[in-house]
Amino acid sequence: MNRDKSEALFKKATNLIPAGVNSPVRAFKSVNDSPFYVKKAKGAYLYDVDGNEYLDYVSSWGAIILGHADRGLVGAIKKAVEDGTSYGACHPAEIEIAQLIVDAFPSIELLRLTSSGTEATMSAIRLARGFTGKRGIIKFRGCYHGHVDSLLVKAGSGLATFGTPDSDGVPEDLAKHTYVAEFNHIETVKNIIQEHKDIACLIIEPIMGNMGVILPEEKFLNYVQELCQQSGILLICDEVITGFRVTYGGAQHVYGIDPDITCLGKIIGGGFAIGAFGGKRKIMQALAPLGNTYQAGTLSGNPIAVRAGIYTLQYLRDHRDMYDQMRQHIEMAKDSILRIATKHGVPYRINSTTGMFTGFFSDRDVTDYESAATCDKKAYESFFKHMLAEGIFFAPSQFEASIVTMCHKEREISKTIDSYEKVFRAMGSSS
Ligand SMILES: *Cc1c(COP(=O)(O)O)cnc(C)c1O
């Protein structure tokens with residue numbers, strides 16, 4: 001596969017943009033490779049500047065669900081653009097998308113739109129602190145909620161339950177208010193709550209997507225909700241990925257939980273910059289100008305993003321069978337891939353839910369941060385490069401979800417399975 005033009009562009013880019021990229025994982029650094037440059041995208045495929053075609057399992061990190069350049073969506077966007085690109089004033093479509101979201105999520109009574117998922121989680125946390133008058137936050141190791149200062153925090157050393165910065169530039173004074181618990185280990189949440197009385201909120205990806213896909217164990221989320229309720233801690237469900245992906249109504253619908261605040265993003269903008277946070281009326285009313293918790297945005301509720309979102313959500317609402325199809329396609333792939341792995345002696349585990357899955361290079365089940373973190377990253381690097389050469393684009397990191405859209409159909413699944421056969425045969429014999 002020739003990637004000369006991409007390599008030349010990447011070289012140019014590194015002179016102008018740090019590491020050549022506008023978001024770190026795009027640099028392919030963790031798989032020791034350099035990125036291809038996309039010329040266009042259609043359906044389940046990306047096409048690069050060198051004329052290569054890739055079956056896309058990144059799907060804009062979950063923002064795409066109808067498939068790239070969906071004809072109906074593109075039509076809706078073209079119409080929206082004709083009416084102007086931004087107003088900074090009220091317009092009817094923002095009511096329409098709010099209604100769609102409220103109808104899909106019974107836990108959301110009022111909501112605000114933002115321009116990214118990061119803004120949504122950042123605002124949700126400020127709101128929780130403003131509403132409760134408390135400072136502490138509980139997050140789970142391995143969950144990602146955007147690049148918010150208070151959430152770029154890792155567990156402290158030893159027995160300490162308070163966090164330390166996971167990035168330069170995050171003050172320790174801020175990080176120490178974030179307590180880090182372990183996903184699927186309820187006792188870690190209990191311990192933090194027992195030890196600290198100043199906790200405003202607990203934020204969680206109800207299905208982990210940013211450590212690879214990790215499902216919550218039976219009743220885990222219900223116990224988390226119970227603990228929060230007993231202690232007056234607001235439960236924030238970060239459904240930026242899962243929102244309209246695992247079903248219409250998100251993971252909270254699947255697991256029967258009723259969060260105080262929900263964060264959305266990705267899918268709800270149809271590929272445009274967007275985010276949203278919403279929840280109980282009483283809490284949301286603490287936002288300015290009703291209350292004293294400030295939050296704002298020049299492009300919040302941008303008319304093009306909103307109309308792209310409305311088209312996407314209406315399509316999903318009216319074609320719920322697509323969720324069953326996405327689930328069946330993943331199940332089909334999963335069974336075959338696991339058989340292929342066994343045949344070639346490649347230690348491999350697949351975690352999946354509707355619309356996303358992760359294959360882990362591991363000989364044990366992946367159920368928490370620890371079991372994910374110990375998988376074979378070298379094997380993943382080899383897998384990534386082999387797959388790219390086969391014309392399949394998986395995320396350039398082991399710890400990501402592979403994202404399926406409505407355009408990943410039988411043909412794409414067959415191609416994926418065939419490529420696994422080739423790649424695992426090569427990997428199995430080389431190890
Ligand atoms: C992507 C993501 C975010 C951040 O959204 P951005 O639009 O990238 O700022 C937050 N939470 C989760 C769970 C995400 O996957």
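The following conversation discusses the strands, helices, ligand site and two single residues of a predicted model.

Q: Where should we start, and what order do the strands of the open sheet have?
A: The model is predicted. Its open sheet has seven strands in the order 4-12-11-10-9-5-8, and the pairing is mixed.

Q: Which strands stand at the edges?
A: Strand 4, residues 110–114, and strand 8, residues 178–181, stand at the edges. Each has a single partner strand, so one side of each is left without a neighbour in the sheet.

Q: How many degrees are neighbouring strands turned against each other on average?
A: On average, neighbouring strands of this sheet are turned by 20 degrees, with direction ignored.

Q: What about strand 5 and strand 9: do they run parallel or antiparallel?
A: Strand 5 (residues 136–140) and strand 9 (residues 199–204) run parallel and are joined by three bridges. Within this pair, Ile-138 stands opposite Leu-202 of strand 9.

Q: And which strands does helix 6 touch?
A: Helix 6, residues 186–195, packs on the sheet and touches strand 5, strand 8 and strand 9. The direction of helix 6 makes about 150 degrees with that of strand 8.

Q: Which ones does helix 7 touch?
A: Helix 7, residues 220–231, also packs on the sheet, where it touches strand 5, strand 9 and strand 10 (234–238). The angle between the direction of helix 7 and that of strand 9 is about 170 degrees.

Q: Changing topic: what do strand 13 and strand 14 form?
A: They form a hairpin, with two residues between the strands. In the turn, Gly-355 has a positive phi of about 85 degrees. Strand 13 and strand 14 (residues 356–360) pair in the antiparallel sense over five bridges, and Arg-349 has Phe-360 in strand 14 as its bridge partner.

Q: How many residues of strand 13 are buried?
A: Four of the five residues of strand 13 (residues 349–353) are buried, so by the cut-off of under 20% relative accessible area the strand is mostly covered.

Q: On to the ligand: which residues are around it?
A: Among them are Ser-116, Gly-117, Thr-118, Tyr-144, His-145, Asp-238 and Lys-266.

Q: Which polar atoms lie 2.8 Å or 2.6 Å from an oxygen atom of the ligand?
A: A polar backbone atom of Gly-117 is 2.8 Å from an oxygen atom of the ligand. For Lys-266, a polar side-chain atom lies 2.6 Å from an oxygen atom of the ligand. In addition, a backbone N or O atom of Tyr-144 lies 3.4 Å from a nitrogen atom of the ligand.

Q: How much of the ligand's accessible area does the protein cover?
A: On its own the ligand has 380 Å² of accessible area, and the protein covers 84% of that.

Q: Now Ala-124: does it count as buried or exposed?
A: Ala-124 counts as buried, because its relative accessibility is 0%. This residue is found in helix 4 (residues 117–132).

Q: What does Ala-124 touch?
A: Leaving aside residues up to four places away in sequence, Ala-124 touches Ile-236, Ile-261, Cys-263 and Phe-277. Ala-124 and Ala-276 are 152 residues apart in sequence, with 9.4 Å between their C-alpha atoms.

Q: Last one: where is the place of Tyr-87?
A: Tyr-87 is in the loop between helix 2 (71–82) and helix 3 (92–104). Tyr-87 counts as partly exposed because its relative accessibility is 36%. A polar atom of the Tyr-87 side chain lies 3.0 Å from the backbone oxygen of Asp-83.

Conventions. Residues numbered from 1 in each chain as written. Predicted model: local features only at pLDDT ≥ 70, side-chain atom pairs only at ≥ 80, totals over all residues. Heavy atoms only, no water. Pairing = 2+ DSSP bridges. Axes fitted to C-alpha atoms, helices over the stretch in contact; angles between N-to-C directions. Contact = heavy atoms within 4.5 Å. Buried < 20%, exposed > 50% of the residue type's maximum accessible area, 1.4 Å probe, protein only. Near = heavy atom within 4 Å. Polar contact = N/O pair within 3.5 Å; in protein donor to acceptor, adjacent residues only side chain to side chain. Areas by Shrake-Rupley, 256 points an atom, 1.4 Å probe, with all protein chains shown as cover.
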